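Work through the following exercises with the sequence and the structure at hand. Each task is followed by a solution in steps.

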Amino acid sequence: MSNTRTYAIIGGTAGIGLALTRKLTARGDHVLIGGRSPDRLESTLAALGSSASGRTVDMTDRSSTRAFFADAPELSGLFTPAASYQTGAFREGARETSEDLFDAKFWSQYWAVHAALPRLSADASVVLMSGAASIRPIGAPAYAACNSALEGLARGLALELSPIRVNCLSPGTTDSDLWRDRPAEIREPAYAYWRELCLVRRPATVEEQAHAALFLLDNTNMTGNTLFCDGGYTLR
Ligand SMILES: NC(=O)c1ccc[n+]([C@@H]2O[C@H](COP(=O)([O-])OP(=O)(O)OC[C@H]3O[C@@H](n4cnc5c(N)ncnc54)[C@H](OP(=O)(O)O)[C@@H]3O)[C@@H](O)[C@H]2O)c1
């Protein structure tokens, strides 16, 4: 019988999720990846070879997320960095930057864990994705609240789902596809501002974030925790 472990990563076709997928497949694990774009999924799977499989999924759609896990094998872990959202000021009063943001980043991860639960092994590890704005906001109060809510969710789920472990990764600005896909006139000032705000004077790499996520997946004494991989941003 094969001892290969399988991990599910929704958002495994780009950025931090893809970097973690590469780390897991490199050590011999199998990864079930998901994303919305069929083209991106197809090209990512072609590059990864037989150590990964996948299907399209929109994590904001509960039926799509349930279908993603419907024929999944037993899972040793789940990582949910899939999110596409807008942020904005409270005074603007926009639904896109408040309720829609929670749908895209909070409720999507909440229901993904719920849909994955029947497939998770008793010693599985779940890693949610928040962001360091949870404790040091730069404007966008609903975004800060959404990330704080995810960190609270990790604590609550860790209690209810034990012995399954649940933790949260809280990154600072990271040079992922999320930023690379934005116009340079938006990305470069944001990176310059970030260099001033954090202690390591640069955005994180996706490999650094994947390394932190892997630690949370693997370390069997970590549960109910939030790991800030933010170059010292939340210290200042
Ligand atoms: N990068 C940063 O600076 C930073 C900082 C703090 C927190 N974060 C958090 O990290 C997460 C994003 O990670 P990233 O920077 O690696 O982003 P990314 O490079 O944009 O990758 C996002 C991945 O998620 C997928 N995805 C997006 N929305 C989806 C949905 N509704 N359903 C299924 N898949 C979806 C994307 O593929 P498709 O587009 O094909 O769906 C892609 O595979 C977000 O939660 C973000 O808030 C990022």
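A residue counts as exposed when its relative accessible area is over 50%, as buried when it is under 20%, and as partly exposed in between. The model used here is predicted.

**Exercise 1. Decide which residues of helix 2 are buried and which are exposed, and how they are arranged around the axis.**

Step 1. Helix 2 spans residues 38-48, and its buried residues are Leu41, Thr44, Leu45 and Leu48.

Step 2. Around the axis these buried residues cover an arc of only 100°, so they sit on the same side of helix 2. An α-helix has 3.6 residues a turn, so residues three or four places apart point the same way.

Step 3. The other side of helix 2 carries the exposed residues Asp39, Glu42, Ala46 and Ala47.

Step 4. The cover over the buried residues of helix 2 includes helix 1 (15-26), strand 2 and strand 3.

Step 5. After helix 2 comes Gly49, with a positive phi near 75°.

**Exercise 2. Find the buried residues of helix 3 and state what covers them.**

Step 1. In helix 3, residues 62-70, the buried positions are Ser64, Thr65, Phe68 and Phe69.

Step 2. Viewed down the axis of helix 3, the buried residues fall within an arc of 130°, and therefore line one face of the helix.

Step 3. Among the elements that cover them are strand 1 (6-10), strand 2 (30-35), strand 3 (52-56), strand 4 (75-79) and helix 4 (99-116).

**Exercise 3. Locate salt bridges and give the accessibility of the partners.**

Step 1. Searching the whole structure yields ten salt bridges.

Step 2. One of them joins the side chains of Asp29 and Arg5, at 3.1 Å from N to O. This pair links distant parts of the chain, 24 residues apart: Asp29 is in the loop between helix 1 and strand 2, and Arg5 is in the segment before strand 1.

Step 3. Asp29 is buried, at 4% relative accessibility, whereas Arg5 is partly exposed, at 37%.

Step 4. A network of salt bridges links Arg5, Arg27, Asp29 and Asp218.

Step 5. Asp100 and Arg95 form another salt bridge, with their closest N and O atoms 3.2 Å apart. Both partners are classed by area: Asp100 is partly exposed at 29%, and Arg95 is partly exposed at 47%.

Step 6. In the salt bridge of Asp175 with Arg180, the closest N and O atoms are 2.6 Å apart. Asp175 is partly exposed at 24% relative accessibility, while Arg180 is exposed at 52%.

**Exercise 4. Identify the residues of a nonpolar surface patch.**

Step 1. The patch consists of Leu199, Val200 and Leu235, which together have about 300 Å² of accessible area.

Step 2. Leu199 belongs to the loop between helix 7 (184-197) and helix 8 (206-218).

Step 3. With a relative accessible area of 42%, Leu199 is partly exposed.

**Exercise 5. Describe the chain as a whole: which elements does it have, and how compact is it?**

Step 1. The chain contains eight helices and seven strands.

Step 2. Its radius of gyration is 17 Å, close to the 18 Å given by the globule rule for 236 residues, so the chain is as compact as a globular protein of that length.

Step 3. Along the principal axes, the C-alpha atoms fill a box of roughly 55 × 40 × 35 Å.

Step 4. Of the 236 residues, 50% count as buried.

Step 5. Among contacts with a separation of 6 or more, 67% are between residues 24 or more positions apart.

Step 6. The accessible surface is about 11,400 Å², and carbon and sulfur atoms account for 52% of that surface.

Technical notes
Residues are numbered from 1 along each chain as its sequence is written. This is a predicted model: local features need pLDDT of at least 70, side-chain atom pairs count only at pLDDT 80 or more; totals for chains, interfaces and linings use all residues. Side-chain values use heavy atoms; hydrogens and water are left out. Buried means under 20% relative accessible area, exposed over 50%, partly exposed in between (1.4 Å probe, protein chains only). Helices (H or I, at least four residues) and strands (E, at least two) are DSSP runs, numbered from the N terminus. The arc is that of the directions from the helix axis to the C-beta atoms. Contact means heavy atoms within 4.5 Å. Patches are made of residues with over 30% relative accessible area and no salt bridge: like charges are joined within 9 Å, nonpolar side chains (Val, Leu, Ile, Met, Phe, Trp, Tyr) within 5 Å. Accessible areas come from the Shrake-Rupley method with a 1.4 Å probe; for residues, only the protein chains shown count as cover. A salt bridge is a side-chain nitrogen of Lys or Arg within 4 Å of a carboxyl oxygen of Asp or Glu. The radius of gyration is taken over C-alpha atoms; the globule rule is 2.2 Å times the number of residues to the power 0.38.
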